[in-house]
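Colleague: Please take one part of this model and go through it closely. I would like short steps that I can follow on screen.

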Amino acid sequence: MSLSTSMPVRLAGCGKTFADGTRALEPLDLGIAGGETLVLLGPSGCGKTTTLRILAGLEAPDPGGRVLFGEAEVTHLPIEKRNVGMVFQSYALFPNMDVAGNVGYGLRVRRLPEAERRRRVAEVLEMMAISELAHRRIDQLSGGQRQRVALARALAVRPQVLLLDEPLTALDAALRERLRVEIDALLRRLGITAIYVTHDQSEAMALGDRIVVMDRGRVAQVGPPREIYFRPANRFVAEFIGTMNLLRGELRDGRLVLPGGALPLAGSEAADGAAGETEVLFRPEAARICASEAAALVGRVRSAQFLGDRTRLVLDGVARRTVIVEAPGRREFRDGEAVGLTIDPTDLIRLPD
Amino acid sequence: MLRGGTSRRGWGFWAQLAFTLLVCTFLILPAVLSMLAGVTANFFQGLSSGLTLKWVVQVFELYSDTLLLTLGIALACLLVTLLIGVPAAYVLTVRQSWLTRLVEEVVTLPVAIPGLAIALALLLTYGGFGDFRQSWAFILVGHVLYTLPFMLRAVMAVLASIDIRTLEEGAASLGAGFWTRFFTVVLPNAKSGILAGSLMVVTLSIGEFNLTWMLHTPLTKTLPVGLADSYASMRLEVGSAYTLVFFVMIVPLLVAIQAMARLERRAKRTRPLREEALPQAVAETPR
């Protein structure tokens, strides 16, 4: 199955104020390249679903906002005229039809000839490896099967844009991980423009060419997963994505003075010559455990959690707040034990003021 | 064997069984006797006078027009409640606001208000329109007012339980316009509610007495009104035969309602199945 074009999509000045006056979305400009997978990520109520619904045509943006599919403005077209494919969190499969009926619905609505319809339904069912379910009723399907039928139904109409609203949230963790890999492979292979809404950061990292992190109706940061993870633009992104440690202390002679010792900073920051209170951030996996004598910072183990491939340590005494680090390997840690930490200055994250 | 039985089930079980049977007998006996009276040659002599169908025949001779009128009104009432009730239930479910909640409450009022009061209000307001007042349509209006909430409730309950809004959004995303969605997604999925509501409306309309008694004219008598009339002015056997006819009409409908409810419960019990081994999708590119 191939899709004719990879449609670029653009939102221009799209805000959304609900009838009761609450502002769900501040005016937003967002461009999505043809074939790109863009993930909208954020906690509930951040406006990600509203953004998706504006793209879909299920909500109209506030006056002034414009939605463009390629060169064409579709702001005033309802969803049924936009030729999008949508996968809903609850799947929204029709209980009155069997699997083939659901997958063929969009083709029936488009009045495709019977033979052509059958051929395309069979093709999509085969692609999703659910051909043998064609004549099952929806209530005879498991959650994972329903998810695939929903995806097949959305793809059968060969949409210009694929919209996915938390499509994996209703599934258990193991299945979620598997289907995530499948969806990723599918999107890459089809080369379709896709917008994917989720509150799960690992899903966002794995699937997104770019991630839009949203917070209370605003875009907090847009960028590729690595940039979002390693160079968060602000405190919200830093704390929402992954685990982040905060070190706050006095800057003196290019080193950050903390309760647990003095941490060397990178050259450029040290050269600023600025003194005074400052803060830096680092990820748990950025710290290396070493002997106390050779370490820049020293702390005590408050608790140690063995995770198999690594041990997650919560340390007291390093900074004003507890610090979480990860130690690889077989070494065992006792509560109260003193451990030393070194952190490469390039792994330290400074937020723009 | 008997000892084994009594030791398994204590005297409490038998006492409860006896009590239950007693209550059942108490409730069922009048119905049975009444129907029996309808086929007894002479009620005052008892069954020894012999069984006959002549009273039933007499009922058909005297009241066949009420029978037809009752069925006619019931079907007309069903048609009107379907045409008004199903779209209304859809709108009330999909557009939740203070206005729709108010409408819902107002429409439900006739269930709580005595039929006599509704009839009186109708007579006060429209009694002056002679042709209308004397036609069966006048009774139909009363029946529609009274039965509409039952249709509404039945359909709304089903629509609410299947999250019709998201289903419609799904259909819209696949290119279906409003009418296509309504006929291919909304109606088929509301089917069980529509069927349950329909049976309810027909049953209630056939059995309705309060309203109808106030609204009827000598020429627009329905079955229950005719029943009251025959009790008041005919031999007891004729009235009883009338009851028999009524039972024969209404019982199949009641059984159908029960069967619907059972189907509904069974449908609710089906849950998503256990995850089966899913074959790997997207393994190869079919051409």
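Modeller: A cut-off comes before anything else: a residue is buried when its relative accessible area is under 20%. This is a predicted model. Take A:E166. Its relative accessible area is 7%, so A:E166 counts as buried. A:E166 sits in the loop between β7 and α5 (173-190) of chain A. Its phi is positive, about 45°, although A:E166 is not a glycine. Set that against the usual case: most residues other than glycine have a negative phi.

Now step back to β7(A), the strand before that loop. Strand β7 covers residues 161-165 of chain A and pairs with β8 (residues 193-198) of chain A. The pairing is parallel and runs over five bridges. To find the register, look at A:L163, which stands opposite A:I195 in β8(A).

Both strands belong to an open sheet of six strands in chain A. Read across, the order is β6-β7-β8-β3-β9-β10, and the pairing is mixed. The edges are β6 (84-87) and β10 (218-223) of chain A, each paired on one side only. On average, neighbouring strands in this sheet are turned by 15° against each other, direction ignored.

Go to the β6 edge next. The loop between β6 and α2 (99-109) of chain A holds A:Y91. A:Y91 also has a positive phi, near 75°, and is not a glycine. Its relative accessibility is 6%, so A:Y91 is buried.

One more stop, with both chains in view. The second largest pocket holds about 730 Å³ of space. Of its 20 lining residues, the closest to the centre are A:L58, B:V94, B:R95, B:R165 and B:E169. Three elements of chain B give two or more residues to this lining: α3 (54-94), α8 and α9 (178-189). Helix α8(B) gives the most, with four residues. By class, the lining has 10 nonpolar, two polar and eight charged residues.

Look at α8(B) itself. It spans residues 164-173 of chain B, and nine of its 10 residues are buried. Among the buried ones are B:I164, B:L167 and B:E168. B:E169 is on that buried list, and B:E169 is also among the residues closest to the pocket centre. Just after the helix, B:G175 takes a positive phi of about 105°.

Methods:
Residues are numbered from 1 along each chain as its sequence is written. Chains are lettered from A and ligands numbered from 1 in the order in which they are written. This is a predicted model: local features need pLDDT of at least 70, side-chain atom pairs count only at pLDDT 80 or more; totals for chains, interfaces and linings use all residues. Side-chain values use heavy atoms; hydrogens and water are left out. Buried means under 20% relative accessible area, exposed over 50%, partly exposed in between (1.4 Å probe, protein chains only). Two strands pair if DSSP finds at least two bridges between them. Axes are lines fitted to C-alpha atoms, for helices over the stretch in contact, and angles run from 0 to 180 degrees between N-to-C directions. On a 1 Å grid over the protein atoms alone, a cavity is a set of points where a 1.4 Å probe fits but cannot get out, and a pocket is an open set with protein on both sides within 12 Å along at least five of seven lines; lining residues have an atom within 4 Å of a point. Grid points are joined across faces, edges and corners, and a volume is the space filled by probe spheres set on the points. Ala, Val, Leu, Ile, Met, Phe, Trp, Tyr, Cys and Pro count as nonpolar, Asp, Glu, Lys and Arg as charged, and the others, Gly among them, as polar.
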